[in-house]
Amino acid sequence: MTGFRKKGFGPTRRAALTLIGAGALAAGGMTLARAAAADDEVLTEAKVLRDPDVPVAGNPDGNISIIEWSDYNCPYCRKLEPELRQVIKDDGKVRLVLKDWPILGPVSVTAARIALAAKYQDKYHQAHDAMMGVSSRLTEPRINELLAAAGVDMDRLKQDLSGRAKDIDAILKRNNDQAEAFGFRGTPSFIVGKYRVPGVLSMAEFEQVIADARKAKMN
């Protein structure tokens with residue numbers, strides 16, 4: 001599976017954005033939804049927006065949430081990262097929920113597990129930024145080099161990778177189950193407020209979707 005490569009969404013941005021209806025983060029107040037292939041409810045507001053184990057950036061008290069599913073080896077995720085962060089910084093009222101979704105091979109899984117392990121020493125964001133900030137494909141030695149340079153305690157990291165393995169794998173499973181339930185097919189993919197955004201947007205398009213999401217929230 002590869003990352004999306006889209007300059008927009010075909011004829012118009014609005015044509016491809018999906019306003020999530022009944023059954024998944026519904027306009028009526030985020031009703032419960034059941035995943036098509038699972039017995040478990042994976043798209044509740046608590047699990048998608050408020051999972052306490054999933055890192056948050058931007059304004060944690062923001063009035064609109066962007067949920068991003070990304071892979072550290074996805075070139076489109078890396079390209080988008082600084083632009084999305086700038087939009088969030090400029091807005092000041094956006095909460096960014098970071099869902100690690102390693103779908104591009106074993107090294108992606110390793111990178112995601114390492115980033116989440118770094119969370120236990122309050123270094124998730126340093127690990128995330130270090131791995132998103134490179135242009136070449138990651139390898140495990142390169143990941144270790146990047147994280148050490150970012151100030152991550154590597155001995156503690158190894159301990160948490162082992163000791164917290166079940167917790168880390170459970171987070172990744174939840175993230176994957178949600179992505180599949182939403183029908184995402186690649187990275188990056190987003191939920192912006194009540195909009196499903198399966199692919200890459202420009203800064204201007206993200207600003208517009210955020211504005212649309214705020215209007216939808218009021219209706």
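**Strand 4, helix 8 and their contacts**

In this predicted model, all seven of the seven residues of strand 4, which spans residues 94–100, are buried, so the strand is largely enclosed by the rest of the structure. In a regular strand the side chains alternate between the two faces of the sheet. Both faces of strand 4 are covered. On one side lie Val-94, Leu-96, Leu-98 and Asp-100, and on the other lie Arg-95, Val-97 and Lys-99, all of them buried.

Strand 4 pairs with strand 2 and with strand 3. With strand 2 (residues 56–58), the pairing is antiparallel and extends over three bridges. Within this pairing, Gly-58 has Arg-95 of strand 4 as its bridge partner. With strand 3 (residues 64–70), the pairing is parallel and extends over seven bridges. Here Trp-69 stands opposite Lys-99 of strand 4. Between strand 3 and strand 4 the chain passes through helix 3 (residues 75–91), and the resulting β-α-β crossover is right-handed.

Helix 8 comprises 18 residues, 165–182. At 1.5 Å a residue, a span of 26 Å is expected for this helix, and the distance of 26 Å between its end C-alpha atoms agrees with that value. The buried residues of helix 8 are Ile-168, Ile-171, Leu-172, Asn-175, Gln-178, Ala-179 and Phe-182. These residues cover an arc of only 125 degrees around the axis, which places them on the same side of helix 8. The face turned away from this buried side carries the exposed residues Lys-166, Lys-173 and Glu-180. After helix 8 comes Gly-183, whose phi is positive, near 80 degrees.

Eight salt bridges are counted in the model. One of them joins Asp-51 to Arg-174, with the closest N and O atoms 2.7 Å apart. Asp-51 belongs to the loop between helix 2 (45–49) and strand 2, whereas Arg-174 belongs to helix 8, so this pair ties together parts that are 123 residues apart in sequence. Asp-51 has a relative accessible area of 9%, which is under 20%, and therefore counts as buried. Arg-174, at 25% relative accessibility, counts as partly exposed.

Arg-174 also forms a salt bridge with Asp-53, the closest N and O atoms being 3.3 Å apart. Asp-53 likewise lies in the loop between helix 2 and strand 2, so its pairing with Arg-174 of helix 8 ties together parts that are 121 residues apart in sequence. With a relative accessibility of 32%, Asp-53 counts as partly exposed. Asp-51, Asp-53 and Arg-174 are thus linked in a network of salt bridges.

A further salt bridge lies within helix 8, where Lys-173 and Asp-177 are four residues apart, about one turn of the helix. The side chains of Lys-173 and Asp-177 meet at 2.8 Å, N to O. Lys-173 is exposed, with a relative accessible area of 53%, whereas Asp-177 is partly exposed at 21%.

Elsewhere, Thr-139 is located in the loop between helix 5 (124–132) and helix 6 (140–149). Thr-139 is partly exposed, its relative accessible area being 39%. Although Thr-139 and Asn-73 are 66 residues apart in sequence, the C-alpha atoms of the two residues are 9.4 Å apart in space.

Terms used:
Residues numbered from 1 in each chain as written. Predicted model: local features only at pLDDT ≥ 70, side-chain atom pairs only at ≥ 80, totals over all residues. Heavy atoms only, no water. Buried < 20%, exposed > 50% of the residue type's maximum accessible area, 1.4 Å probe, protein only. Helix = DSSP H or I, 4+ residues; strand = E, 2+ residues; numbered from the N terminus. Pairing = 2+ DSSP bridges. Right-handed = clockwise from strand over helix to strand, strands pointing away. Expected span 1.5 Å × (residues − 1). Arc of directions from axis to C-beta. Salt bridge = Lys/Arg side-chain N within 4 Å of Asp/Glu carboxyl O.
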